Amino acid sequence: MNVEKLKGQIPDLVYDQLPEVLSKYKIDSTLRLCHFISQCYHESMGFRVVYENLNYKPARLAEIFKIDFDTNHDGKLSTEELRKVNLYANNPEKIANFVYANQGGNGPESSGDGWKYRGRGYIQTTLKENCHHLELILPIKFEQGHKLDSLIHLYYKQNQSYQNHVCQN
């Protein structure tokens, strides 16, 4: 595994943390390294975005979060449901509180948990339970920001069986 090839291809902040992280989390093959770096790159839009934006125009909001707005579960958005989409569009905080309400330990829309626990970091860790899990296993507070090291643990815990399967085949 030649990590040096990544120098200049990924931000120095990420590159400088790789030796410790790769060793600590047994990312010990080129395939595992490719999976990890690719996931971080994709989720963070090329290591540029560390907070989920959620600023969507009505059409895109309806497309991405259709299931959340489709309250009668018929697979299409009614006029009334589209009205709600328009009320939420272009308001990232309101969108987050709506689409992430009552899941993963988040409270109802009014709690503000959706916005507080929206995706962040290179893996875009989302939802209160996932953030709490990180706080239990790592010496960080979620609101204090992330090092690469604090995100990889959750990523690999959530994807361990997949990673083992991929790397064995």
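Helix α6, residues 92-99, is mostly covered, with 6 of its 8 residues buried. This is a predicted model, so bear in mind that local features are reported where pLDDT is at least 70. The buried set in α6 is made up of Pro 92, Ile 95, Ala 96, Asn 97, Phe 98 and Val 99. What do the buried residues of α6 pack against? They have four helical partners: α3, α4 (66-69), α5 (79-88) and α7 (113-116).

Stepping back, the protein has 10 helices and 0 strands, and reading along the sequence just gives you α-α-α-α-α-α-α-α-α-α. There are 169 residues in the protein, and 42% of them are buried. As for contacts between residues at least 6 apart in sequence, 54% join residues at least 24 apart.

Now for α2, which covers residues 30-43. This helix has 14 residues and reaches 20 Å from its first C-alpha to its last, close to the 20 Å expected at 1.5 Å a residue. Its buried residues are Arg 32, Leu 33, Phe 36, Ile 37 and Cys 40. Seen down the axis of α2, those buried residues fall within an arc of 120°, so they line one face of the helix. Just past the end of α2, Met 45 takes a positive phi of about 50°.

Right in that neighbourhood is Ser 44, found in the loop between α2 and α3. Is Ser 44 buried or exposed? Buried, with a relative accessible area of 0%. The Ser 44 side chain reaches back to the backbone oxygen of Cys 40 at 2.6 Å. Cys 40 is itself buried, also listed with a relative accessible area of 0%. Setting aside neighbours within four places in sequence, Ser 44 is in contact with Val 49 and Tyr 122.

Another loop residue worth a look is Thr 126, between α7 and α8 (128-137). Thr 126 counts as buried at 15% relative accessibility, since the cut-off for buried is under 20%. A polar atom of the Thr 126 side chain lies 2.9 Å from the backbone oxygen of Gln 124. Not counting residues up to four places away in sequence, Thr 126 touches Glu 52, Tyr 100, Tyr 117, Arg 118 and Gly 119.

On to the cysteines. How many disulfides does a search of the whole structure find? The count is 0. Cys 40 is buried at 0% relative accessible area, and Cys 131 is buried too, at 1%.

That leaves the charged pairs. Side chains of opposite charge can pair when their charged atoms come close. The structure holds 3 salt bridges, and here they are with the N to O distances:

| Basic residue | Acidic residue | Closest N to O distance |
|---|---|---|
| Lys 7 | Asp 12 | 3.6 Å |
| Arg 32 | Asp 28 | 3.9 Å |
| Arg 60 | Glu 63 | 3.0 Å |

How covered are the partners? In the Lys 7 and Asp 12 pair, Lys 7 is partly exposed with a relative accessible area of 43%, and Asp 12 is partly exposed as well, at 45%.

The bridge between Asp 28 and Arg 32 is a mixed case. Asp 28 counts as exposed at 55% relative accessibility, whereas Arg 32 counts as buried at 16%. Arg 32 is also one of the buried residues of α2, so it belongs to the set lining one face of that helix.

Arg 60 and Glu 63 form the remaining salt bridge, with the closest N and O atoms 3.0 Å apart. Where do Arg 60 and Glu 63 lie? Both are in helix α3 (residues 58-64), 3 residues apart, or about one turn of the helix. Arg 60 is partly exposed, with a relative accessible area of 40%, while Glu 63 counts as exposed at 55%. Helix α3 also turns up among the elements that the buried residues of α6 pack against.

How values were computed:
Residues numbered from 1 in each chain as written. Predicted model: local features only at pLDDT ≥ 70, side-chain atom pairs only at ≥ 80, totals over all residues. Heavy atoms only, no water. Salt bridge = Lys/Arg side-chain N within 4 Å of Asp/Glu carboxyl O. Buried < 20%, exposed > 50% of the residue type's maximum accessible area, 1.4 Å probe, protein only. Helix = DSSP H or I, 4+ residues; strand = E, 2+ residues; numbered from the N terminus. Disulfide = S-S within 2.5 Å. Polar contact = N/O pair within 3.5 Å; in protein donor to acceptor, adjacent residues only side chain to side chain. Contact = heavy atoms within 4.5 Å. Expected span 1.5 Å × (residues − 1). Arc of directions from axis to C-beta.
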